[in-house]
Structures are given as C-alpha cells and as structure tokens.
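Here's a short walk through a two-chain model, with the domains taken one chain at a time and a look at one sheet in between. Have the viewer open as you read.

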Amino acid sequence: MSKTLIRGAKVLGGEAQDVLIDGDTIAQTGTGLSDEGAQVIEAEGQILLPGLVDLHTHLREPGREDSETVLTGTRAAASGGYTAVFAMANTFPVADTAGVVEQVYRLGKESGYCDVQPIGAVTVGLEGKKLAELGAMHESAAGVTVFSDDGKCVDDAVMMRRALEYVKAFGGVVAQHAQEPRLTEGAQMNEGVVSAELGLGGWPAVAEESIIARDVLLAEHVGSRVHICHLSTAGSVEIVRWAKSRGIDVTAEVTPHHLLLTDELVRSYNPVYKVNPPLRTERDVMALREALADGTIDIVATDHAPHPHEDKDCEWAAAAMGMVGLETALSVVQQTMVETGLLDWAGVADRMSFKPAQIGQAKGHGRPVSAGEPANLTLVDPAYRGEVDPAGFASRSRNTPYEGRELPGRVTHTFLRGRATLVDGKLA
Amino acid sequence: MMRHLISAADLTRDEAVLILDTAEEMARVADRPIKKLPALRGRTVCNLFFEDSTRTRISFEAAEKRLSADVINFAAKGSSVSKGESLKDTAQTLEAMGVDAVVIRHGASGAPYRLANSGWIDAPVINAGDGTHQHPTQALLDAFTMRRRLVGRDAGIGQDLAGRRITIVGDVLHSRVARSNVDLLHTLGAEVTLVAPPTLVPVGVETWPCEVSYDLDSTLTKSDAVMMLRVQRERMNAAFFPTEREYSRRYGLDGERMAKMPEHAIVMHPGPMVRGMEITAEVADSDRCTVIEQVANGVSIRMAVLYLLLGGNESDAPTTRTEEK
C-alpha cells in the first residue's frame with residue numbers, strides 16, 4: 001500500500017501537524033512523523049481540510065454532454081478540492097427513475113475523480129404533477145437520499161407536503177428550489193433599483209421567501225426535515241433563522257456567487273452574471289455572509305451550472321442561467337468569509353465538508369482529520385493570489401463570473417480515499 | 001461626441017443640446033425643394049430590426065436617405081435569425097458586408113449594449129429601442145418637440161429645458177420611452193413627474209430622478225407638457241388594472257382633463273395611440289397635441305444623431321443658415 005506524508009500542514013487551520021496516509025486511510029496524525037516509505041508533501045503554511053462535499057452540482061450527463069460530463073465535472077470537482085458531489089436531477093432524461101440515477105452513479109464510479117451521489121427528482125420530469133418513484137431511487141444501487149426538482153420549484157403545496165412526508169420512510173430529504181413561479185414569470189434578474197433601470201424582468205425576493213416560509217411550516221406540520229437550495233435574500237435568512245428558533249428541522253445552503261457578487265454587475269448586460277436565483281443586493285450579500293457565519297445557513301453549495309459558450313455569448317434575455325463554481329468555490333469562501341474574519345478554517349471545513357456530508361448522508365465524507373478515518377483530504381495554499389483564468393478549468397464549460405478577477409487561495413492537492421486526484425494543482 | 005448611442009442616460013447636457021441644435025439645422029433641409037444632404041454619401045447604414053416597428057424603421061430610413069447614406073434594411077422575420085442565427089453572427093455578417101453603422105431595434109433589453117460592447121463588431125451602434133430599457137432617439141425627438149413648443153424654434157438654440165415641468169402618464173413599467181425621457185429630461189434640467197397606477201410603476205423607481213404620482217388630476221395643473229404613453233390592452237389580462245374603462249377614467253386624457261392644463265401646455269404621445277384608451281379623439285386631434293410634429297421631428301433628430309456619430313465631412317455639412325436665408 002502506498003503511503004503519503006503531508007508534513008506541517010495546519011489541520012483545519014490549527015496547529016501544524018503531520019498527517020500520514022496509508023492506503024485509503026489516515027494512519028496517523030501528529031508531529032515529527034516518520035517519512036519512511038512515504039511520499040512526502042511539504043505543506044508548511046498550508047491548510048489541510050477534510051475533502052469538500054458539494055450538495056448541489058449540475059453534471060449535465062446524461063443529455064447535455066456539450067456542457068459537462070460526469071468525467072469533466074468530477075475533474076473540475078477534484079481541482080476545486082471536492083471529494084464528493086451531489087449531482088442534480090435536471091438532466092435529459094430527468095433523473096426521476098432508478099435507471100437514470102444508477103447510470104449517473106456508475107459514471108461517477110468510473111470517473112474516479114470524486115464520489116458522485118445522484119440526487120433524484122421529486123416529481124416525474126420535474127413537472128410537479130406526479131411523485132417520482134422516490135423509494136425505488138433510494139433502494140437502487142445509487143442509494144438516493146436527497147431529492148430535488150432543482151431548476152424548478154415544487155410549487156404545489158400538496159405535492160411538497162406529500163414529498164416531505166413520503167421520504168421520512170427512508171430518511172430522505174427534499175431540497176427545495178424556492179421560486180414562486182407566477183411571481184417570476186419572465187424574470188431576468190433581481191427586482192429592484194437595477195432592474196428598474198435596465199428594463200429587465202424582475203425576480204422579486206418575495207418569490208423565494210414566500211416558498212421558504214411555506215415549506216418550513218409544512219416541514220413543521222408533518223415533522224419532516226427540509227433543505228433549502230441556494231438561499232439568496234436577507235429575508236430568506238430571517239425566515240430560516242425563525243424556523244430554526246422554533247425547532248423546525250430545516251437546513252439551508254448558499255452559493256459562493258451569492259456571497260460575493262451583486263446585481264450591480266448586471267449593468268454590463270453580460271450574461272455570465274445571469275443566474276437563478278439572481279444576484280441580489282449588497283445588503284443581501286452581507287446578510288448571507290453573516291448567516292453562514294452564525295450557522296443559520298448550514299453550508300456552501302456551488303450550484304455549479306455549466307453552459308456552452310454560445311448560450312452565454314448572446315443578448316441577456318436569450319442567455320442561459322447559471323455559472324460554473326466548483327473550481328472557484330473555496331477561493332470565494334476564503335475571500336468572503338475567512339479574510340473578512342467571519343469564519344475560521346475549521347468553520348470552512350464545517351460548512352463545506354462536515355455539514356453537507358451530514359445533510360446528504362455521504363458515507364466516508366465530511367469526517368474528522370484523524371487516524372482511522374478515510375483519507376478524503378484537501379490541501380489549500382491560502383497565501384496564493386491569482387487571477388481566475390477559465391482557460392485553465394477542468395470543467396468543459398467556461399461560464400465563470402470571475403474571469404480576470406483576483407481571488408485568494410489555491411487547492412494544491414486533493415485525496416480521494418488516499419489516492420491523489422490533484423497534485424500541485426494538476427489533475428492526477 | 002460619443003461612439004454609440006445606447007442610452008439617453010449616457011448623454012451629457014451639452015451633447016444633448018448639440019444634438020437638438022443640429023436637428024434644428026437638419027429640419028431646414030425638409031423645407032428645401034430637394035430634401036437631401038450629401039453628408040453620408042458612400043456610407044452604408046443598416047437598420048437591423050428584430051422587432052416589428054414600421055414607424056421607427058421608416059423614420060430612420062428617411063433620415064439616412066436624406067443624408068445620402070446607402071441603406072440596408074434587415075428585418076428578423078423571414079431572415080436567418082428565424083433559423084436560429086445568433087445576434088452575434090448576424091451582426092458580424094453585416095459588418096463583413098461593409099456596414100458603417102448599425103441601427104438596432106431588439107425585443108431584449110440590453111441587446112444594443114451587448115452589440116456595442118462585446119467586441120463583436122466595430123461599427124457605431126444606435127439603439128432604436130431595446131425591450132423595456134431605452135429608446136434614446138425617441139427621448140431626443142420628444143425633447144426637441146418640447147424645446148420648440150415651450151422655448152421657441154430660434155430662441156431654443158443652445159438652450160435646455162431648465163425648469164420645465166413634464167408629466168409622463170401611463171405604463172411606465174414596460175416603457176422604454178418613459179425610461180429614456182426621465183434620463184434625458186433630467187439631464188436637460190426639466191422636472192419630471194411620472195403618473196401611473198402603482199401596478200405599472202417599477203419596483204426600484206425611487207432612485208430615478210423624478211417624482212411619482214398616482215393622481216393625474218393634481219399634476220395636470222402643474223404641467224408644461226403631458227406625455228401620454230400607450231397602454232397595451234393585454235396588460236388588463238395580467239391584472240395591472242381591472243378594466244379598460246377604469247383605466248381610462250383614472251389615467252386617460254380627455255377634453256375635460258386637458259382643460260385643467262395651463263394654456264401653453266402641450267400634449268404629447270410617442271405613438272401609436274390607442275384612441276379611447278389613454279387618449280380621447282378630442283385630445284388627439286386638438287392643436288395642443290404634438291403627435292404629428294413628433295413624427296416629423298423624429299426624422300430631424302435621427303439625421304442629427306447619424307450625422308454626429310458618423311462624423312459627416314465638414315464640407316458636406318448643412319449649408320450655413322445665412323446662405324439659406
């Protein structure tokens with residue numbers, strides 16, 4: 001079995017330690033560990049984190065292999081320090097049967113760059129009319145526990161109620177894309193000062209907040225847990241905070257882009273800034289950061305949404321919504337949360353590994369960096385500064401809002417069960 | 001002078017006044033037996049219209065022809081656009097054919113901005129109306145009409161609209177005309193009040209340099225010009241207001257309301273009017289209504305914009321006024 005010694009890294013940002021990987025397991029942690037028979041990585045000044053877990057990734061396969069495949073998407077994940085990703089169900093065909101989720105699961109196994117846990121659709125074809133066979137997807141080889149119609153909201157209150165109740169039988173969770181459809185017809189960007197000037201259809205905060213309010217109350221009523229995808233407004237934060245204070249079993253995620261970017265960027269009419277939910281205001285950004293820091297928002301999830309060039313190289317209204325995020329997520333979190341003093345690296349490990357693994361029940365992921373645990377690890381150089389260059393992305397798509405922007409930090413190594421998937425910033 | 005004309009908000013006071021003054025000179029061409037200047041001889045202007053608009057397209061075409069430009073009209077219907085060609089490919093195709101300027105009308109807000117700023121083409125871009133964003137030449141022709149009527153044709157030269165009180169009534173939410181006018185009129189020193197039912201005012205309007213009122217009658221008495229916006233009947237079905245009749249009663253301009261306006265005040269409309277909806281026939285056909293003048297002024301304004309953006313030869317400039325007189 002191969003051994004690797006990571007020497008002198010600050011584990012979760014704490015004291016410098018040596019971490020010895022033996023095979024697929026962390027064999028030993030401590031200081032002055034012997035490097036006998038081991039490949040050594042000198043990691044002084046670097047941060048060692050548990051492998052990151054993304055609860056919200058669009059891998060696009062099957063159906064849109066022109067924008068991403070399971071292979072290219074997991075390579076992007078490894079580049080970004082992820083060891084597990086949850087693949088959203090809005091593929092073509094939709095992942096609403098055991099067959100499709102097993103296909104995605106198998107492709108993930110074959111890729112070898114990170115674990116792929118398929119998410120199952122809540123309703124057949126994401127159409128909100130009929131429950132998909134949730135039990136069959138759970139019992140399939142893919143073992144689905146997270147269900148979401150992401151991209152679309154389960155807006156029918158009865159359908160949502162039933163889904164919340166039904167998945168209790170096998171400990172599943174429904175992840176809601178909170179978007180009241182009638183309030184967002186023709187929506188192109190956040191509704192507010194900027195949309196008024198630009199003449200772009202508004203996506204009001206209340207369209208998200210009203211659904212979240214309804215769903216936390218539904219979850220309370222039927223005694224289920226509910227997860228809120230890509231929470232984006234200050235008002236949503238208040239509702240989730242209130243729900244948690246009542247003891248409602250709700251978890252929530254925020255994307256890196258909602259922690260950094262605002263709707264002011266839309267003034268350029270450049271569709272790289274077009275995303276759903278839309279970029280909001282400075283006030284929202286600040287509220288989201290604070291909520292992630294105080295635990296109201298549980299996790300960071302990328303909503304990595306690859307699109308081919310032509311779907312962004314056009315006028316705003318014709319452009320697709322979404323941005324890639326796997327390869328920049330940690331840097332954005334470092335800039336917005338760590339360098340602002342809102343979160344330490346242990347907090348980052350919690351929001352980007354421990355908690356998402358817990359919510360999605362990703363076995364072997366989000367574990368402590370200690371002896372006997374699976375060696376899913378991410379090594380970060382926090383001192384690095386560099387401009388984002390999409391040409392260097394492992395993702396098949398380049399639709400990043402950060403092109404040319406200087407972001408801090410760089411993932412240098414990623415280990416998936418002891419095997420290096422990323423070495424010195426290069427895919428292995 | 002700027003390279004493109006995308007938004008009325010991009011114009012400084014002096015640039016706007018220069019366009020209005022140049023338009024006055026262009027207007028004199030229309031009074032000549034031969035309504036033509038050689039200023040853009042040998043230059044090709046493409047009218048790229050992705051949205052149906054006979055009026056605006058014809059107005060631009062008349063302006064281009066009076067400046068002796070070669071004109072290419074491109075309508076999206078029945079073109080390669082209907083076969084899925086992108087805006088980028090369409091624009092690059094046209095530029096490859098040697099187009100010197102592009103006049104674009106597009107249903108998507110921001111499409112002209114993208115065309116001008118994405119590095120797709122080099123030619124100057126003139127926005128002829130984009131979605132619910134901007135329609136700068138409309139705002140310019142409206143300002144031109146106001147200046148002529150409220151300040152005077154000759155007295156207006158070099159002047160702005162400082163202190164004039166302009167009321168814009170109707171579907172502000174969906175109106176690029178309203179947005180452009182608020183920006184330009186503010187730049188020219190006018191005081192703008194928007195009047196509409198609250199459903200037809202955008203969220204976020206509070207940062208606009210204007211007042212907002214839901215009551216038409218109280219603003220009429222304090223208006224030097226009242227601009228009525230077209231209200232599309234389909235808005236009714238989206239619950240913006242209960243019925244056409246209720247809209248007319250509350251926000252339509254009829255003779256009785258017009259009588260409340262100061263004697264010198266004018267009634268404007270960007271056209272096409274929906275008679276019986278936002279404006280009665282009595283008002284539309286009255287002497288105070290400038291609709292037809294606005295159409296004529298539109299040609300002069302568009303000539304001025306094309307002339308200034310494309311930098312017509314000095315020697316080809318409109319002949320001096322003294323000579324004409």
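What follows covers the domains of each chain and one sheet in chain A.

This is a predicted model, in which local features need pLDDT of at least 70, side-chain atom pairs count only at pLDDT 80 or more, and totals for chains, interfaces and linings use all residues. Residues are numbered from 1 along each chain as its sequence is written, while chains are lettered from A and ligands numbered from 1 in the order in which they are written.

Let's begin with the domains, whose bounds come from an automatic or database domain assignment. Contact here means that the C-beta atoms of two residues, placed from the backbone, lie within 7 Å.

| Chain | Domain 1 | Domain 2 |
|---|---|---|
| A | residues 3-47 + 373-427 | residues 52-360 |
| B | residues 8-135 + 297-324 | residues 136-294 |

In chain A, the C-alpha centres of domain 1 and domain 2 sit 26 Å apart. Their contact draws 27 residues from domain 1 of chain A and 39 residues from domain 2 of chain A. On the domain 1 side, β16 (377-387), β17 (406-416) and β18 (419-423) of chain A each chip in at least two residues, and β17(A) gives the most, with six residues. Helices (H or I, at least four residues) and strands (E, at least two) are DSSP runs, numbered from the N terminus. By class, that side of domain 1 of chain A has 15 nonpolar, 10 polar and two charged residues. Ala, Val, Leu, Ile, Met, Phe, Trp, Tyr, Cys and Pro count as nonpolar, Asp, Glu, Lys and Arg as charged, and the others, Gly among them, as polar.

Now for the sheet. Three strands of chain A form an open, parallel sheet in the order β6-β7-β8, where pairing takes at least two DSSP bridges between two strands. β6 (52-57) and β8 (115-118) of chain A are at the edges with a single partner strand each, so one side of each has no neighbour in the sheet. Four bridges link β6(A) to β7 (residues 82-87) of chain A, and A:Val53 has A:Ala84 in β7(A) as its bridge partner. Helix α1 (residues 70-79) of chain A packs on the sheet, touching β6, β7 and β8 of chain A, and its direction makes about 135° with that of β7(A). Angles run from 0 to 180 degrees between N-to-C directions, with axes fitted to C-alpha atoms, for helices over the stretch in contact.

Back to chain B: 25 Å separate the C-alpha centres of its domain 1 and domain 2.
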